[in-house]
Amino acid sequence: MNYKIDTSVEGILLGWDLRRLQVLGIYLAAINLVTFAAFAWDKRVAVRGNDAGRRTPEARLLGLSLAGGAVGGLLAMHIFRHKTRKWYFAWGLPCLIVLGIAVILYAHMCGLI
């Protein structure tokens with residue numbers, strides 16, 4: 001039994017609703033940019049004097065990451081060296097990335113994407 005796997009872009013995207021996938025891609029790009037900016041802003045405020053009133057709450061940073069911005073959060077975390085000592089960011093953001101991929105694959109298997 002010789003099975004040939006189609007590794008072309010058309011083969012990989014076979015069976016996906018490309019319109020919905022495009023909308024999902026735009027959403028993920030936007031939420032990751034917002035999350036990246038939120039991490040950058042929080043680091044900037046922290047360096048300039050730790051004014052608690054202007055800081056971005058950790059719950060908001062985690063919420064943005066949960067909403068699909070974990071890649072942007074992880075990138076900002078390492079670029080700005082921000083929140084790297086907090087275990088729930090260091091371990092949580094990679095877990096949220098894996099969870100996001102699993103949700104997308106599950107949505108595809110259910111015929112939503």
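Here are a few notes on the packing, ring pairs and salt bridges in this predicted model.

1. Start with the core. The largest nonpolar core has nine residues: Ile31, Ala38, Phe39, Leu61, Leu64, Ala76, Met77, Phe89 and Leu93. Helices H2 and H3 (58-79) each put in at least two of them, and H3 gives the largest share, with four residues.

2. Ala76, one of those core residues, is worth clicking on. Setting aside neighbours within four places in sequence, Ala76 touches Phe36, Phe39 and Arg81.

3. Now the rings. A search of the whole structure turns up four aromatic pairs. In one of them, Phe39 and Phe89 have ring centres 5.8 Å apart and planes at 90°, so this pair is edge-to-face. It also bridges distant parts of the chain, as Phe39 sits in helix H2 (residues 18-47) and Phe89 in helix H4 (residues 87-90), 50 residues apart. Both Phe39 and Phe89 are buried.

4. Phe89 has a second partner. The rings of Tyr88 and Phe89 are centred 5.4 Å apart with their planes at 45°, so I'd call that pair tilted. Phe89 is buried, at a relative accessible area of 0%, whereas Tyr88 is partly exposed at 26%. Taken together, ring pairs join Phe39, Trp87, Tyr88 and Phe89 into a cluster.

5. On to the charges. There are five salt bridges in the structure. Lys83 and Asp42 make one of them, at 3.9 Å from N to O. Lys83 is in the loop between H3 and H4 and Asp42 is in helix H2, so the bridge ties together parts 41 residues apart in sequence. Both Lys83 and Asp42 are buried, with Lys83 at 11% relative accessibility.

6. Glu58 deserves its own look. Its side chain meets Lys83 in a salt bridge at 3.0 Å, N to O, linking helix H3 to the loop between H3 and H4 across 25 residues. Glu58 also bridges to Lys86, at 3.1 Å; Lys86 is in that H3 to H4 loop as well, so here the tied parts are 28 residues apart in sequence. Glu58 is partly exposed at 23% relative accessible area, and Lys86 is partly exposed at 33%. The wider network of salt bridges links Asp42, Arg55, Glu58, Lys83 and Lys86.

7. Last, the surface. Val9, Ile12, Leu13 and Leu18 form a nonpolar patch there, with about 360 Å² of accessible area together. Leu13 is in the loop between helix H1 (9-12) and H2, and counts as partly exposed at 30% relative accessibility.

Key: Residues are numbered from 1 along each chain as its sequence is written. This is a predicted model: local features need pLDDT of at least 70, side-chain atom pairs count only at pLDDT 80 or more; totals for chains, interfaces and linings use all residues. Side-chain values use heavy atoms; hydrogens and water are left out. Rings of Phe, Tyr and Trp (its six-membered ring) pair if their centres lie within 6.5 Å; planes under 30 degrees apart count as stacked, over 60 as edge-to-face and the rest as tilted. Helices (H or I, at least four residues) and strands (E, at least two) are DSSP runs, numbered from the N terminus. Buried means under 20% relative accessible area, exposed over 50%, partly exposed in between (1.4 Å probe, protein chains only). Patches are made of residues with over 30% relative accessible area and no salt bridge: like charges are joined within 9 Å, nonpolar side chains (Val, Leu, Ile, Met, Phe, Trp, Tyr) within 5 Å. Accessible areas come from the Shrake-Rupley method with a 1.4 Å probe; for residues, only the protein chains shown count as cover. A salt bridge is a side-chain nitrogen of Lys or Arg within 4 Å of a carboxyl oxygen of Asp or Glu. A nonpolar core is a set of buried Ala, Val, Leu, Ile, Met, Phe, Trp, Tyr and Cys residues joined through side-chain atoms within 4.5 Å. Contact means heavy atoms within 4.5 Å.
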